[in-house]
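Grab a pencil and get ready for some exercises. Try each task yourself before you peek at the solution.

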Amino acid sequence: MPLPIEGFSKLSKDEKIRWIAEQYTEDPEASISLIKKYWNDDRKLQQLHDEFIENTLTNYYLPLGIAPNFLIDGELYAIPMAIEESSVVAAASKAAKFWLTRGGFKTSVLGTEKIGQVHFMYRGNKARLEKFFDAIKPKFYKETAAITKNMVARGGGIRNIELRDKTLDLKDYFQLHCSFDTLDAMGANFINSCLEQFAKTLQKEAGASTILQNTEKDIEVVMSILSNYVPQCLVRAEVSCNVDDLGSDMGVSAMEFAEKMVRAVSIANVEPHRAVTHNKGIMNGIDAVVLATGNDFRAVEAGIHAYASRQGSYKSLTQARIENGEFHFWIEIPLALGTVGGLTSLHPLVKLALEILQKPNAKQLMGIVAVAGLAQNFAAVQSLVTTGIQQGHMKMHLLNILNQMNASEGEKKQLVEYFKKHSATHHAVVEALDQLRGKS
Ligand code: MEV
């Protein structure tokens, strides 16, 4: 069994690699050589990546692909996507092309409010706490002025600070519930710095207060942190067209197809097991663009899933309806994204992704990301209610299976051709390759 280690972070990169390889892998020399194979020859670039996190050993590749032909609010975009799942970029591209000739995608940002909270315990008279809060409120703004100066100059900053009584949920629990506008920055550091100053101000002012009684002055701050639940930082993306324009090349009539789409979404609205998978398909598109643009996909995931549960049960993030002969399909999601700060100016591929997207501001990026989610869902549900998902999925997964079986370039070429006309299950691919290799 490996032994615990003291001071791992202080070892050199080579020492860390040797230690991990020797302690935890069967063939240390092979592991070391694999780890180093993924180093970048450009030493400066490698150092940049090394310094993103602690204890970096090497780089972990994900493919960065492009889904072209997205018509969004009248502009044509090619969307960069970082994702490992074989069929996602192809599905996004297919949906983009489909809607390109049907009016494209429209987006609107419904709000940009970010939230942060100071959670604290107060054991005293509530009316006096309220009076104290009203008296010291201007000090929260004043004592964060150095932090907020630049943001305020650009038009953002602290929007509101509210005292919330949460004692019905938890004894003695109160909050400063604060809202912010962080413009084109995701704003996590800005918000957290403001909140930590609010907490200090709160405690200092309580100690010196003439409103609170002596026994009430010891306010216990539990924590100060932004919330990744941002239901007022909301974006909508939609497509619509005449039902007849949906076409009938999906094996069913246009109206039948539209009705099946609406029914599929209705099922995801009432059945959480389906809703989770339905929304997972949406996140295939969202995460891929969020990652490619250097944003925090964990924050986005957590916030979006909470939003999907806002009515008390987990529901679909997309909606569909047929009205007056028109098919409407839309998504509404909270998204706290940045196009400045963080990785956006550090990671060369993130910079490139943002350049490909025509250097969007945060609101425009919200729209693009929402479109990627909507497109992904359209493509997935379109397949599900017509051909089934495996046909397209296995076509894209075919190369993965062939690579797993060490197929040569010639074998891949022949089998890709063969499976254009045959259905590609894992078993069928193995059999076809065996046959090609002359095995029975
Ligand atoms: C697979 O990654 C995503 C789907 O399962 C989404 C869905 O079922 O809607 C195809």
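Here come three exercises, each with a worked solution.

Before you start, note that this is a predicted model, where local features need pLDDT of at least 70, side-chain atom pairs count only at pLDDT 80 or more, and totals for chains, interfaces and linings use all residues. Residues are numbered from 1 along each chain as its sequence is written, and side-chain values use heavy atoms, with hydrogens and water left out.

**Exercise 1.** Find the domains of the protein chain.

Solution. Step one: read off domain 1 (8-50) and domain 3 (114-227). Step two: add domain 2 (64-110 + 234-387) and domain 4 (393-439). These bounds come from an automatic or database domain assignment.

**Exercise 2.** Describe how domain 2 and domain 4 meet.

Solution. Start with the area: the two domains bury about 330 Å² between them, 59% of it on carbon and sulfur atoms. Buried area is the accessible area (1.4 Å probe) that two parts lose on being put together, summed over both. Next, see who supplies it: Ser-86, Ser-87 and Ala-90 give 88% of what domain 2 buries against domain 4. Finally, look for salt bridges between domain 2 and domain 4: the count is 0. (That would take a side-chain nitrogen of Lys or Arg within 4 Å of a carboxyl oxygen of Asp or Glu.)

**Exercise 3.** Which distances separate the ligand's oxygen atoms from polar side-chain atoms of Arg-274, Lys-280 and Asn-284?

Solution. Take them one by one. For Arg-274, a polar side-chain atom lies 2.8 Å from a ligand oxygen. For Lys-280, a side-chain N or O atom is 2.6 Å from a ligand oxygen. For Asn-284, that kind of distance is 2.9 Å.

Key
Polar contact = N/O pair within 3.5 Å; in protein donor to acceptor, adjacent residues only side chain to side chain.
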